[in-house]
Every structure is written in C-alpha cells, then in structure tokens.
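Here are some short exercises to work through with the structure open beside you. Try each task on your own before reading its solution.

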Amino acid sequence: MLFKNKKAGAFVAVATAAALLLTGCAGGNSDAGGESGGSEGGASITFLPKNLGNPYFDASRTGGQAAAAEFGGEFNEVGPTEATPDAQVSFINTATQQGVDAIAVAANDPQAICDALNEARDNDVKVITFDSDTNPECRDMFINQADAAGIAKAQVDMIAEQIGDEGQIAILSAAANATNQNTWIDLMLEDIEANHPNIEVVETVYGDDDDQTSFDKTAALLQTYPELKGIVSPTTVGIAAAARYLSTSDAKGEIALTGLGSPGQMREYIEDGTVTEFALWNPEELGYLTAYAANALVAGEITGAEGDTFEAGDLGSYTVGADSTVVLGEPYRFNAENIAEFDF
Amino acid sequence: MSAVATQTSSLRPIAEYDRPLWQRLFATREMAIIGLLVVVVIVATAIVPNFGSKITLTYLLMDMFPVLIMALPMTAIIVTGEIDLSVASVVGFASVLTGVLTQAGVPFGLTIILAIAAGLIAGFINGILVTAVGLPSLAVTIGTLALYRGLAIGLLGTTAVTDFPQFWTDLAKAKLGSSGIPASVLIFVVLAVVFILMLHFTKFGRGIYSIGLSPEAARFSGVNVERTKLVLFVLSGAVAALAGVYYTLRYGSARGDNATGMEMQVIAAVLLGGVSIFGGRGALHGVIAGVLLIGVLGSALRLANVGADVINIITGVLLILAVISSSVFAAVREKAGGRKRRLAGMPAAKPENS
C-alpha cells in the first residue's frame, strides 16, 4: 500500500509540475516583457471581450494589437468562452492580480462586473469599456462604436446614393419597440425630410429581428408597393433576410437594399450583386482606438474628463465627450471592394 | 450493535491496522494530494509572477468557496456509491430565486432562508427519487440537472438581476482584518468541521462508508440505507443553495446560467481528493486538498496567461491520472504476485502479522 501510494503520488506530482513549468514559463516570459514595457514604452493592456471565438471581437483584438505594436505597449487578450458577466469577473480579478496598466472590457452586464472593475481601479488599473458600456461610475472611459446621429445619416446617405436621391423607400426594422432602431428611424426620417425632399418613406415594417418574419415582410413590401425603389434595414437580421429574399426574386438589382449588416452574413449578397453597400462600425478600428485611449489614460495624458483630447495613431485626434465617452466616428461602409477583408 | 460497528469498521479499506501508525497517517492518497498541493503552491509562487500576493489568496478562496462547500456533501454522497450531478443547477436556481425575491422587495435575510429552503426541497426530490422510487442517482440527477436549470432560466428568462443590498454584497466579499482571507472561509470551516465529525466520527458516518462497500451488508447490519441517502441528498441541495446565494452576491448577478458546469469541478475535486467513484472509500481532508489543488492550478495558470481551455485540459489530465493511478498500481501489484488482500466485495482479511 505504501509502495503504491508513493508511486502514484510521485507520478501525479511530476506530471503536474512538468505541465506547470512548461506553461508557467511561457506565461512568465510575456509578463516580464510587459513590466519593462510599462516603463519604457506604452502601457500593458488586457482586452476582455464578451467572449472568445467571436469574429467580431477577433477583429477588435486585431486592432488593439496593431495599436499596441505602434505605441510599444504590451497587448494581451483573455476572455470567457460564454458571454456571461460572472465569467468575466474572474478575468478582471486575474488582471488585477497581474497588475496590468489597463483593462479594456466589453461588458456582459452593466452592473454585475462593477465591483470587480472598481477593485481593479483601487489597485491602480485603468478601466476602459468598449462596445458595451458598464454604469459610468465603474470605468474611466467608454469607447462608443457610433452615435445615433451618425448611424442614421450614413444609412440615409447610402440609400440616397443608390436610388439617385428620389423615389419610394421602405424601412424594415427590428421589433416595434426596439429602442435603438426607433431612435435611428426617427433621426433618419428627420434627415430625409430636411435634406432629401424627393425621397418618400412609404412604410416602416417590423420583422421582430426574426429571420422568417423579416423575409415575409420584405415579400409583402414588394407586393404592396410596385414602385418601391429601395429598402433600408437598420438591423443585421433584417438586412440579411431581405437580401436573401431579393437575391432570389425578380427585383434583384432593381430594388436597392442597405442598412446595418454584418459583413460575414452579407458577403454573398454583395458578391452576387443584390446589395451594393451597407454599413456597420468597424470593430478593428474600435479595438485600435480603445488601445490608444487606454495608453493615453495610463500615460496620464488624459483623465477621461470631458474635453480631453488624445491622438489615436492612424485614426487621428479624438476628444472625450460627455460621460467620459469617446465616439469612434462614422459607421464604416462595406462594399464589393473591402468586404473580403472582414469575417465577423 | 457494537459487534456491527466492529464489523463495518474492519470493512473500511482505509484503516489497515497491519501497517505502522505513521504509514497509516502519512502514506495515503490523501497525503499524496496534500503533498502535491504544497508542491504546486511552492512552484507557482516561485515561477508565476504575482502568484504569491495577498490578493491572489483572497480571490482564490472567494472563487473556490462554492466548490469547497459543495464538495463536503458530495464526498459523502459519492462514498455511498451515489452521485449528485444537479448541484450546479441548484446553485443557478437558488441564485435566480435570490434575484427574483430581492427584486420583489423581500428582506434579504428572509431571501437567504427561502433560497436554502428551495435547495432543501430540490435535494429532497433527488433523494426521494433515488431512495423511494429506487432509480439510479446518475439518471435522476441528470434529469434534475436539466430540470432545475430549466426552472432557473424560465424564472428569469435571459435577463439578470444585478441590484443587491450593498450590505450583503460587501459581507460576501469581506475579509478577515488585513489578512486577505475572505470572511466566507469561516462558513466553510464551520461546515467542514460538521461534515468531518459526521463522516468520520459518528455511527451515521460509518453507515455511509458501509453503504458504499456493500448496500446489502449495510442493510443487514442495521444501517438505514434509504434514510441515510435521503439525508445526504437533502444536505447537498441545501449547501448548493447556500453556494448559490454566495455566488449571486460575489458576482453581483442572478442569472439562470450562473455556475453552469460547476458540478464537474465539484466532482473532479472530490475524486482528485482520493474518494473512490465506486463508493466506500475516501476522506474529507483529501477532498479539501483536491478542491484547493484545482483552484491553485487554475489561479496560477490564469496568472500566467494560460487560456481556459488549457486549464481544463490540465485539470482533466490530472483527474484521470489520479483516478487511474490507483487501479494501475493495483494491477501492477497483482501481476507481480503481491499480497492479494483486497478482492472486490470481500472483507479485508484479518491482519496477518500484528
């Protein structure tokens, strides 16, 4: 019995120690780089997206890495496999223990991760949110991907270009009470009324962010309005469903379709000519700007107060707005020329 | 009755009185795990930056608290040869209930009592299905794993309750003075003492071991097998609910999917701690070391920027090694013509030479 246990224990111990040494050394090296990087060049920044393996956040990581390489900081990305706030807490805690300079987090819940973020700030870690904000008192800054006015204007501009600034259009929205979509639609209607007098918005229909409902509503729109020249769908589900309908109907290429879509879903419709151009923010630029903002915070160039300005590499100069929020800028337009570069 | 007690205790393979005292105390699987824990802590402190800090200890104990307390009743259940796979779902259900009741304006003290009561009921349902209906616990608790999780998600949908009384969230994260040790450890210590006394120093505890070795023999020797198992499942449900309340406060969020998959951490820790999955064998000091070992490994690897997937792989490999090592070495001994004292289902032979 003694013999057996000694051997069993020794075997397990050796195996674990080996595993730990192998992995521990790899981690130790990169960390050492971070500490020296903090004093010489840029900040050490840990990105914590909502979850890993999400093409959207893979793109923001690419941007963050590029920025960190430019300002000589150390970049690291960690994250849970499931997009839950409790899973994010452990990663925030770990970053706090590691004493990184800044954490950039896309919050899975505005309130739940607050205590963990504030503990991090108590330990001299700067906290930036991007993509999805927490309550303002839990972070130093928020990098917003786009503001409502910019999103509305980009969609109106695109549809006006695509239909020659005149004719009937319809809007295919998400649910009737979807806050974001309703805000954008109101702004779009104001913009059209003021700047595009020859465009008539005949109806706003609601696909409830359901693929089949959106598909059916598109079919109904084409039946009801034979003169229809364009459809704007400010929701990724709606635009994809409408594109799927149009791509197999006679109206393909005849009726313009634009709005907010994800390049991964829309690629085939851009390539087959159903859709000319649509918009969304560029998550790569979002990551890039987030990393630069974090670096500026760590360096003490800015404190996150309204009116602070900082340089963000290729993206130029940014000014901090109300609630310590920085807006990335105009939505990014995807078309046949650039769609191949994106896979989220 | 004393004859019965003597009989059951000689059935326990952990007490082999033909070996000298120091061997019985130190050359055990439990001590191997404790030793491994010490080695890992020393290695991690030496090579992982920031591991040896106070804040690491704080977070480690806070993270592991739910697993630590749930491993206590789980040990007893596995020793009887049963298993409770529904514990993480009970955590989730208790967490959601905590959130819903808080939202409804119920005083938090009462909320805790109600959540634990719900855990008692959940455990009671498991226990009744296993004992009165006579179904295998593996099947029953896979069913209730889905059932309780479903109830949790159904109750709150995809939303989360994130607003809890500051007093209670602070309490859940409170530390003992400036030591960095979370105050919740006190709850664990109390529970651990209770379970250690119950499992290792009472007749009820000896009954638990004898059920694991042979339910029939245990029944004939006067152990109330059904009642014992029922009590253990109820305890498991209650402790899981307590873990659920803690989890909610610690992470400030009541969601239906809270603690998904945590049952695997609990069971892994129990098996790593030297408890036999076939029942009848194991001790709580090994289990506690097993939980801490998994926690320390995870913490050290996370600090070294190792991803969650790799951490799972390492924990999994460690677990498999721990589980198979005993049978492999037993087989080796058998082949080498060693002492074949313990054949399956047979009581240990009288000590040959004491």
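**Exercise 1.** In which sense do strand E3 (residues 102-105) and E4 of chain A pair, and over how many bridges?

*Solution.* Keep in mind throughout that this is a predicted model.
- Step 1: follow the two strands side by side; E3(A) and E4(A) run in the parallel sense, and four bridges join them.
- Step 2: pick out one pair, Ile103(A), whose bridge partner in E4(A) is Val127(A).
- Step 3: look at how covered E4(A) (residues 126-130) is; five of its five residues are buried.
- Step 4: separate the faces. Lys126(A), Ile128(A) and Phe130(A) are buried on one side, while Val127(A) and Thr129(A) are buried on the other.

**Exercise 2.** Work out the strand order of the open four-stranded sheet in chain A that contains E6, and find its edges.

*Solution.*
- Step 1: read the order across the sheet, which is E7-E6-E8-E9 with parallel pairing.
- Step 2: find the edges. E7(A) and strand E9 (256-259) of chain A each have a single partner strand, so one side of each lacks a neighbour in the sheet.
- Step 3: add the twist, which averages 25° from one strand to the next.
- Step 4: zoom in on E6(A) and E7(A), a parallel pair with seven bridges. Within this pair, Gln168(A) has Glu200(A) of E7(A) as its bridge partner.
- Step 5: place the helices. Helix H6 (residues 179-195) of chain A lies across E6 and E7 of chain A and runs at about 170° to E7(A). H8(A) also packs on the sheet, where it touches E6, E8 and E9 of chain A, and its direction makes about 165° with that of E9(A).

**Exercise 3.** Check the length of helix H7 (residues 211-224) of chain A, then decide where its buried residues sit.

*Solution.*
- Step 1: at 1.5 Å a residue, counted over one less than the number of residues, the 14 residues of H7(A) should span 20 Å; the end C-alpha atoms are 20 Å apart, so the two agree.
- Step 2: list the buried residues, namely Ser214(A), Lys217(A), Thr218(A) and Leu221(A).
- Step 3: these residues cover an arc of only 105° around the axis, and therefore lie on the same side of H7(A).
- Step 4: recall the helical repeat. An α-helix has 3.6 residues a turn, so residues three or four places apart point the same way.
- Step 5: turn to the other side of H7(A), where Gln212(A) and Gln223(A) are exposed.
- Step 6: ask what does the covering. Strand E6 (167-173), strand E7 (199-206), strand E8 (228-233) and helix H8 (236-247) of chain A are among the elements over the buried residues.

**Exercise 4.** Is Phe51(B) buried or exposed?

*Solution.*
- Step 1: locate Phe51(B) in the loop between helix H3 (29-47) and helix H4 (54-79) of chain B.
- Step 2: count its surroundings. Phe51(B) has 22 C-beta neighbours inside 10 Å, and because the cut-off is 20 or more, Phe51(B) is buried.
- Step 3: name its contacts beyond four places in sequence: Ala44(B), Thr45(B), Thr56(B), Ala300(B) and Leu303(B).

**Exercise 5.** Where in chain B is the pLDDT below 50?

*Solution.*
- Step 1: begin with the whole of chain B, for which the mean pLDDT is 86 and 86% of residues reach 70 or more.
- Step 2: mark residues 1-12 of chain B, where the pLDDT is below 50.
- Step 3: mark residues 338-354 of chain B, also with pLDDT below 50.
- Step 4: for the complex, the predictor gives an ipTM of 0.72 and a pTM of 0.73.

Note on methods: Residues are numbered from 1 along each chain as its sequence is written. Chains are lettered from A and ligands numbered from 1 in the order in which they are written. This is a predicted model: local features need pLDDT of at least 70, side-chain atom pairs count only at pLDDT 80 or more; totals for chains, interfaces and linings use all residues. pLDDT is the predictor's confidence in each residue, from 0 to 100. Two residues are in contact if their C-beta atoms, placed from the backbone, lie within 7 Å. A residue is buried if 20 or more other C-beta atoms lie within 10 Å of its own, exposed if 12 or fewer, and partly exposed in between; C-beta atoms are placed from the backbone. The arc is that of the directions from the helix axis to the C-beta atoms. Two strands pair if DSSP finds at least two bridges between them. Axes are lines fitted to C-alpha atoms, for helices over the stretch in contact, and angles run from 0 to 180 degrees between N-to-C directions.
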